[in-house]
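Let's take a walk through this structure together. Keep the picture open and turn it around as you read.

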2 protein chains.
Amino acid sequence: MQFTSERRLDDGVLEREFTLGEIPGILWTPGSAPAPLILLGHPGGLHKMYPRLVARARHSAAEGFAAATIELPGSGDRPRSAAAEEARADLRRALEAGEPVDEEIVDQLVLPLVDKAVPEWRAALDALLSLPEIGGPVGYAGGVIAIGMRLAVVEPRISAALLFAGSFVPRTMFEEARQVSIPLQVLLQWDDEGNDRQLALDLFDAFGSKEKTLHANMGGHTGVPQFEGDDGNRFFARHLK
Amino acid sequence: MQFTSERRLDDGVLEREFTLGEIPGILWTPGSAPAPLILLGHPGGLHKMYPRLVARARHSAAEGFAAATIELPGSGDRPRSAAAEEARADLRRALEAGEPVDEEIVDQLVLPLVDKAVPEWRAALDALLSLPEIGGPVGYAGGVIAIGMRLAVVEPRISAALLFAGSFVPRTMFEEARQVSIPLQVLLQWDDEGNDRQLALDLFDAFGSKEKTLHANMGGHTGVPQFEGDDGNRFFARHLK
């Protein structure tokens, strides 16, 4: 893990870009004392997602959490995969035509992404947990719910997850959902037209966790109410502190 | 409105029993300064419900809210109605036999209750708002969701409602749900076997409010997690302060 830039934000949070092999990432730390870490999931494209990611990281830092994210395989400046690009184009065509998205398209898009991204997140976790500023339990917060789910199942260092409900979950991953046992909070935008609400509810039902909470709100795909940021902090404060 | 008893709880909250005509009720106030008021809904039976009601009232008082409740028609020490008793017996028989509850039973049980209880809650509100210790906006929190819904529609002094999802909502009241426009938070116990989850989700969908939030949790019918009490306080703090 190599730090490539460093700047202090006006609220005192230290923002450092890093690379882990070919994977770019960003780490935000609230201070020099060891802080619990929240991994910030996102749909890919660090540059495009930066404004939302830094806002989430600062919000977490205000509660004493460090936050980190890495670029997804095939997104941002990372090399494209021909198969993923093809699946993405199929998905775009279906969405633009207003057609239901074929399960096969979802499988081709999401399953290889999860298989590739999850070991990368785990490698990032190894590197991040070796830093003196990071200590204590780890949470995962954000989108590509299929990645968050797989991480929750295979990575014992993740103690709690705040998952953003999204449509593109392969049906074969429902069996995996039943294996999730850590505390979960699931955010669902009720009136998100691009989202399959019933699938999100079925997935929430499938999660094996004894403590799971669903928060459904209005406001469309990107209109998650601001108070959910505070609720997320409190969820992690209950489980990571 | 006649106060019939008064005692100071150990956290300084003043608890006063009152009667409003034939209707008994309880008022909890956090201090002498005018406080926003939360009406505590419940399924009827003040004595039986007292431990849970006083816990909710003290939790609200800690955030600076007054809280009040009244007995429902036909519950507790209030005179029974023959028709309501018959509908209640029909409901009990259906539940004990594990049969689906007929819509007619729900209509016979809930519609007259709502018609009778809502004017009583409004009369209580008149009396409570004339007290110097009560001031500012009013919220409704609790069960008999059909009563909370009707109050939200007809009573302009209620600014926000925290509703506990329950099965027994007459289908004819879905049209009324669309007329609700105040901010709502709906609590649903996901694994409550006595609750029709799909009906609760349909009802949440039907509410006309632009700001509505659904919180679904595990823990069975009476197992609402403790953190929801804090979340409820924050919901009312956003809308009543």
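Where in chain B does B:Val144 lie? You'll find B:Val144 in the loop between strand S6 (134-142) and helix H4 (145-154) of chain B. Before going on, keep in mind that this is a predicted model. B:Val144 has a phi near 45°, which is a positive value in a residue other than glycine. Is B:Val144 buried or exposed? Neither, quite: a residue counts as buried under 20% relative accessible area and as exposed over 50%, and B:Val144 has 21%, so it is partly exposed.

Now hop over to chain A. A:Val144 sits in the loop between S6 and H4 of chain A, and its phi is near 45°, again a positive value in a residue other than glycine. With a relative accessible area of 22%, A:Val144 is partly exposed.

Step from that loop into helix H4 (residues 145-154) of chain A and you meet a mostly covered helix, with eight of its ten residues buried. Among these buried residues are A:Ile145, A:Gly148, A:Arg150 and A:Leu151. What does the covering? The list for chain A includes helix H3 (103-129), strand S6 (134-142), strand S7 (158-164), helix H5 (174-179) and helix H6 (197-206).

Next, look at where the two chains meet. Here 19 residues of chain B are in contact with 19 residues of chain A. The area buried between them is about 1700 Å², and carbon and sulfur atoms give 57% of it. On the chain B side, B:Trp190, B:Met218 and B:Phe227 lose the most area to chain A, together 29% of what that side buries.

There's charge at this interface too. Two salt bridges are found across it. Zoom in on the side chains of A:Asp205 and B:Arg197, which meet in a salt bridge at 3.2 Å, N to O. Nine residue pairs are in polar contact across the interface. Helix H6 (197-206), strand S9 (212-217) and helix H7 (227-240) of chain B each give two or more residues to the side that touches chain A. The largest share, six residues, comes from S9(B). Sorted by class, that side of chain B has seven nonpolar, three polar and nine charged residues.

Finally, follow S9 itself. Strand S9 (residues 212-217) of chain A and S9(B) run antiparallel and are joined by five bridges. Who partners A:His215 in S9(B)? The bridge partner of A:His215 is B:His215.

Terms used. Residues are numbered from 1 along each chain as its sequence is written. Chains are lettered from A and ligands numbered from 1 in the order in which they are written. This is a predicted model: local features need pLDDT of at least 70, side-chain atom pairs count only at pLDDT 80 or more; totals for chains, interfaces and linings use all residues. Side-chain values use heavy atoms; hydrogens and water are left out. Contact means heavy atoms within 4.5 Å. Buried area is the accessible area (1.4 Å probe) that two parts lose on being put together, summed over both. A salt bridge is a side-chain nitrogen of Lys or Arg within 4 Å of a carboxyl oxygen of Asp or Glu. A polar contact is a pair of N or O atoms within 3.5 Å; within protein, one must be able to donate a hydrogen and the other to accept it, and residues adjacent in sequence count only if both atoms are side-chain atoms. Helices (H or I, at least four residues) and strands (E, at least two) are DSSP runs, numbered from the N terminus. Ala, Val, Leu, Ile, Met, Phe, Trp, Tyr, Cys and Pro count as nonpolar, Asp, Glu, Lys and Arg as charged, and the others, Gly among them, as polar. Two strands pair if DSSP finds at least two bridges between them. Buried means under 20% relative accessible area, exposed over 50%, partly exposed in between (1.4 Å probe, protein chains only).
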